[in-house]
Amino acid sequence: MRWDAGYQRFVSELKRRNGRANFTKAEFFAWIVGCQVNAARRGILARYPYIFFRDQLSAEDLMQLDSVARHDSCVKAFFQLTPYLKCALLQYVKERPADFNMALLRGLQISKPCIDPHDAVSIFPKEGSND
């Protein structure tokens with residue numbers, strides 16, 4: 001709901017630029033939240049490269065890591081956003097069954113990474129631009 005204004009602005013700007021906007025809310029949400037989750041994952045890996053190999057850590061190391069990571073903004077963002085991303089992806093697959101493996105969505109997240117829904121329109125080239 002709080003991103004609705006960003007989505008509406010994005011869709012109206014795309015319509016103004018090329019006469020159509022084929023982004024659904026689910027696609028927009030999955031794109032932005034997916035980029036946010038990816039950014040959080042990169043932050044976690046940069047700070048705690050061993051976090052995804054928890055089975056190789058001693059119980060003492062694991063307890064220390066958990067206490068440090070619990071206060072990390074990337075860890076918090078990752079765990080807060082992941083359930084929203086799962087919901088958005090389920091809706092995305094319902095709306096775009098042809099992209100069941102989400103290759104188009106992953107391509108969008110890679111080629112046009114955006115973590116702020118209100119800046120999404122600036123990711124796409126302006127009219128007359130060759131980008």
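M102 is found in the loop between helix 4 (73-95) and helix 5. Its phi is near 60°. That is a positive value in a residue other than glycine. The model is a predicted one.

The protein chain has five helices and zero strands. Along the sequence, the pattern reads α-α-α-α-α. Of the 131 residues of the protein chain, 35% count as buried. Among contacts with a separation of 6 or more, 63% come from residues 24 or more positions apart.

Helix packing was examined next, with helix 2 as the point of reference. Two packed helices are described by the angle between their axes and the distance between the axes. Helix 2 and helix 4 pack at an angle of about 150°. Their axes lie 8 Å apart. An angle over 145° counts as roughly antiparallel, and helix 2 and helix 4 are therefore roughly antiparallel to each other. The contact of helix 2 with helix 4 has 17 nonpolar, six polar and four charged residues. Helix 2 passes helix 4 in a left-handed crossing.

Helix 5 meets helix 2 at another angle. The axes of helix 2 (residues 25-47) and helix 5 (residues 103-111) come within 10 Å. They cross at roughly 55°. This value falls outside the ranges for roughly parallel, roughly antiparallel and roughly perpendicular pairs, so helix 2 and helix 5 are oblique to each other. The crossing of helix 2 past helix 5 is right-handed. On the helix 2 side, the contact is made by E27, A30, W31, G34, C35 and N38. On the helix 5 side, L105, L108 and Q109 take part. By class, the contact of helix 2 with helix 5 has five nonpolar, three polar and one charged residues.

Helix 1 (residues 4-18) also packs on helix 2, and the two axes come within 11 Å. The crossing angle is roughly 110°. Angles of 65 to 115 degrees count as roughly perpendicular, and helix 1 and helix 2 are therefore roughly perpendicular to each other. Helix 1 passes helix 2 in a right-handed crossing. D4, G6, Y7, Q8 and F10 in helix 1 face K25, F28 and W31 in helix 2 across this contact. The residues divide into four nonpolar, two polar and two charged. W31 thus appears in the contact of helix 2 with helix 1 and in the contact of helix 2 with helix 5.

The cysteines were then considered. A disulfide is a covalent bond between the sulfur atoms of two cysteines. A search of the whole structure finds zero disulfides. C35 is in no disulfide, and the nearest cysteine sulfur, that of C114, is 6.8 Å away. Seen from the other residue, the sulfur of C114 has its closest cysteine sulfur in C35. A disulfide requires sulfur atoms within 2.5 Å, so the separation of 6.8 Å is too far for a bond. C35 is buried, with a relative accessible area of 5%. C114 is likewise buried, at 4%.

P113 lies in the segment after helix 5. P113 touches C35, L108 and I123, not counting residues up to four places away in sequence. Of these, C35 and L108 also belong to the contact between helix 2 and helix 5. P113 and W31 are 82 residues apart in sequence. In space, their C-alpha atoms are 8.1 Å apart.

Two further pairs link distant parts of the sequence. G43 has its place in helix 2. Its C-alpha atom is separated by 5.9 Å from that of C74, 31 residues away along the chain. G43 is buried, because its relative accessible area of 11% is under the 20% limit. R17 lies in helix 1. The C-alpha atoms of R17 and F124 are separated by 10.0 Å, with the two positions 107 residues apart along the chain counted as their distance apart. R17 is also buried, with a relative accessible area of 15%.

How values were computed
Residues are numbered from 1 along each chain as its sequence is written. This is a predicted model: local features need pLDDT of at least 70, side-chain atom pairs count only at pLDDT 80 or more; totals for chains, interfaces and linings use all residues. Side-chain values use heavy atoms; hydrogens and water are left out. Axes are lines fitted to C-alpha atoms, for helices over the stretch in contact, and angles run from 0 to 180 degrees between N-to-C directions. Helices (H or I, at least four residues) and strands (E, at least two) are DSSP runs, numbered from the N terminus. Angles under 35 degrees count as roughly parallel, over 145 as roughly antiparallel, 65 to 115 as roughly perpendicular and the rest as oblique. A crossing is left-handed if the near helix is turned anticlockwise from the far one by less than a right angle, and right-handed if clockwise. Contact means heavy atoms within 4.5 Å. Ala, Val, Leu, Ile, Met, Phe, Trp, Tyr, Cys and Pro count as nonpolar, Asp, Glu, Lys and Arg as charged, and the others, Gly among them, as polar. Buried means under 20% relative accessible area, exposed over 50%, partly exposed in between (1.4 Å probe, protein chains only).
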